[in-house]
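Biologist: I would like to learn how to read a structure of this kind with some care. Could you take me through it, giving the general idea before each case?

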Amino acid sequence: MTDPARPSPDTLLLEAQREGRGRLKVFLGASPGVGKTYDMLRAAQAAKASGVDVVVGIVETHGRRETQALLDGLEVLPRRTLDYRGRTLGELDTDALIARKPKLALIDELAHSNVPGSRHVKRWQDVEDVLAAGIDVLATLNVQHLESLNDVVLRITGVRVRETLPDTVLERADEIELVDLPPEELLRRLDEGKVYLGEQAQRAREGFFSRGNLTALRELAMRAAAERIDQQMLAYRQRHAVSEPWPARERLLVCVGGKAIDRSLIRNAARLADTRGIAWIAVHVIDSRAHRLPNEAKDRIAETLRLAEALGGEAVTIPGENVAAEVLGYARSRNVTQIVVGHSKPMRAGWRRRRSLAHALLRSGAPFDITVVPTRNDARDASNTRDPIAAERWRWQDHITGLALVTLATLVGLFVDRWIGLENLALLYLVAVLVSAVRAGPLPAVVTSVVAACSLDFFFTEPRYTLDLQRHEDVLTLIVFLIIAVLMGRLGGQLRSQMQALRKTARRNANLSDFARRVAGALGRDEVARIIAEHVQATLDLPCVAVIERPAEALRPAARRGIGPDYQFRETDRAAAHWCWDHRQPAGYSTQTLPTSQWLFVPMATAQRVVGLLGLHLHERRRPPSAGQRRLLDALADQAAVALERVMLSAEIGDQRVNSQGEELRAALLSSVSHDLRTPLASILGAATSLQTQNERLSADDRSALLDTVVEESERLNRFVQNLLDMTRLGYGRIEARREWCDLREIAGRARNRLRRELSGRDVPIDSAGDLPLAWCDPLLLEQALVNVIDNAAKYSPAGTPIEIALGAQAQWLLLRVRDHGPGVPAADREKIFDMFHRVQSQDHTAPGTGLGLAICRGLLAAQDGQVRALAPAEGRGAVIEMRLPRKTPPQVRDD
């Protein structure tokens, strides 16, 4: 505990962090219509009258004349307008307010949700930016908008409040002013039309604005304000090092130990706190000897602390050696007014070897009301009232070790005394006592110190080899030695206990760190569940299961350790797991819910949801987990919940990304189909209609031209549909290449002939090497791929410009290159043009098409182990699309 006479460093650091920030004052009300905005504007008018620069950021008057009148004379900042669903809405212009930088800003309705398109989702986030700019803020808030009270308000009013804000916003407020109005007065204002108007007022009167609802909300607002004021008072006391408690608000503290009487003490404290309507805390102090308590005492402490939480108290565990000092220090830090402590024996005013906690608290003279509850301690608990040091199990090995150390010190002392002649031989025995204390504990050290004193007297004190002491100085030396040896033994034993506790804590922290590292790298829920089960089983040495699906008809763990795959859970086990999942509370063995189950289930829950359960098989141990095990289990459950939540959120983000991409592809496909397929259909329909209605008036040339149009547009439509079908087949992997030996010149010639209409007016030469080898490919698929590339070149190059087709061979590849003389493909788009629906846009137009041609080309070539890529021309303008096929050696033909 920190020195109560010094200011709290944490509080001073918090104050330093607030330097340069604006101050936030919140006008808190129980419901709409109590006058929060009215009081805020009155405070603003008073500040302006005293010379403060005041600007109204945003204020909602809701048509109330009295409130509107208070805006006169105040500078009102224009709102930032946003279009949303065909309506123009006004929001707080945060940037303009920060640029204006007044001394004081008025921002109404702190929990308001901003219009989509604003910088922040919530208005309180805008207020954070304003405060960070050093501007003081006056704001309003209704208590039902606090996130922690959302479910409470729902149960009271039956209305789910959608606009909420974190409680930390109110906790960080520098000042809170409660705007209160009795329910009768508020209902009268509602009837007068000062809250809502018309039918809205009638609906409010029949629903939310009932007398019972308003009374309950009023109490919630008063409690919220009282808690915040209490926090401010505690912060002030810590900041100014006020050690004496201020009984502005009563708070009770009860001390918990390891005795059975503490359960009755907890019940007495709970009844006392409930009768007076005050908060209470159950405190247990862990010293260096706590780990040596018997398991029954540890279990009893854990049960007592859980009982305190079940009865509505706060359970706290603090470390320390001086129990009374730690309790008093914690009581001062929490502004406790009354301490309740149990005492099982009649108190004596005389000296006792080991004073009780009640006696130590009463003698401290602390300014607390200390209540000593007399409790009866029966024979069953006698073993638990002993000193843990005296209750240690006798281990003859430790005492043999102590005697061996004394013997070694004696031998060394005899050698030194004979050959060197030193006088302070008692130091050798002190070393032996200290080593015995560190290795064996305080009790063997005390025994060792007595034996060492006797050895020192027998071997090195005149007359030697007797226990008789003749000189007074020898008697004094031996007494001082014995006292020092006993003190060193006990201090060494305490040091040993502290070192053991530190090692245990360090080992657990290392285990938690290793567990956090492993789950941070896990990629799936099942992997996280496996890591959780392995770690819990290795740490607690108990059979463990991890459940990541809500238990239904059967309990199916995602991972299990310590039990076989054929293990059958009982119905009570499944019911305990189901209850734990639904209520976010431990259930099963050693709890108050379904204790007949053989398993203890602990929820792995985040603030939003339960993501899994941890189950421990405790039935065979016949005792509940200790307080340390429960704390460790809770820490593991919290870390596991965060890891599972991370994996689940990652999966949800991935699903949303896939859905988003699917929506984008679907929109692109619909856009392409609706535009590019409609164009040839319109041409076909127009030509056919002309032939049907005006056939007799058309000349033979006109009819032939119209028929050519029908044929050409049908072929164009057929190519579009074929592209869509090919893309679908590629997506499902249904295209199979039927390869044979082909001449690339013939394939290029057929592709050019299929596009004679699109290539009319262009020079399309085919340049090929004289020794061009045959290609091992599917001729139909390769021809379709080449058609798509040539068609794409025709679309993206000016009319009348040539399109060049070059055929060649390399060591491992056969090459087909198509070059146009258009604007070319930007370097950033040379890979993207092979994606579905991607189309390079020029400065003035976009070429018609579905954006599938080159994507299909890549798929058709991939089916034949080929590749396609876009290149920049060696010189001049244009684009080069290069298709490559693996070069194969044709089989030799034998002449028989």
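**Reading the fold, a helix and its salt bridges**

Modeller: In the protein chain, residues 24 or more positions apart account for 69% of the contacts with a separation of 6 or more, where contact means heavy atoms within 4.5 Å. This is a predicted model, in which local features need pLDDT of at least 70 and side-chain atom pairs count only at pLDDT 80 or more, while totals for chains, interfaces and linings use all residues. Residues are numbered from 1 along each chain as its sequence is written, and side-chain values use heavy atoms, with hydrogens and water left out.

Biologist: How many helices and strands does the protein chain have, and what percentage of its residues count as buried?

Modeller: Helices (H or I, at least four residues) and strands (E, at least two) are DSSP runs numbered from the N terminus, and the protein chain has 25 of the former and 25 of the latter. Buried means under 20% relative accessible area, exposed over 50%, and partly exposed in between, with a 1.4 Å probe and protein chains only; by that rule 43% of the 896 residues are buried.

Biologist: What should helix α24 span, and how far apart are its end C-alpha atoms?

Modeller: The expected span of a helix is 1.5 Å times one less than its number of residues. For α24, residues 779–795, the 17 residues should therefore span 24 Å, and the end C-alpha atoms are indeed 24 Å apart, which agrees. Of those 17 residues 14 are buried, so α24 is largely enclosed by the rest of the structure. At the N-terminal end of α24, Asp-778 acts as a cap, with a side-chain oxygen 3.1 Å from the backbone nitrogen of Leu-780.

Biologist: Where is Thr-164 found, and does Thr-164 count as buried or exposed?

Modeller: Thr-164 is found in the loop between α6 (150–157) and α7 (167–171), and because its relative accessibility is 15%, Thr-164 counts as buried. A polar contact is a pair of N or O atoms within 3.5 Å; within protein, one must be able to donate a hydrogen and the other to accept it, and residues adjacent in sequence count only if both atoms are side-chain atoms. The side chain of Thr-164 makes such a contact, at 2.6 Å, with the side chain of Glu-147. Leaving aside neighbours within four places in sequence, Thr-164 is in contact with Lys-122, His-145, Glu-147 and Asn-150.

Biologist: How many salt bridges does a search of the whole structure find, and which residue forms one with Glu-882?

Modeller: Side chains of opposite charge can pair when their charged atoms come close. A salt bridge is a side-chain nitrogen of Lys or Arg within 4 Å of a carboxyl oxygen of Asp or Glu, and the search finds 26 of them. Glu-882 forms one with Arg-817, the closest N and O atoms being 2.6 Å apart. Glu-882 lies in strand β25 (residues 880–886) and Arg-817 in strand β23 (residues 813–819), so the pair ties together parts that are 65 residues apart in sequence. Glu-882 is buried, at 1% relative accessibility, whereas Arg-817 is partly exposed at 34%.

Biologist: Which parts of the chain does the pair of Asp-865 and Arg-739 link?

Modeller: Asp-865 and Arg-739 form a salt bridge with their closest N and O atoms 3.0 Å apart. That pair links distant parts of the chain, 126 residues apart, with Asp-865 in the loop between α25 (853–862) and β24 (867–871) and Arg-739 in the loop between α22 (700–731) and β19 (740–742).
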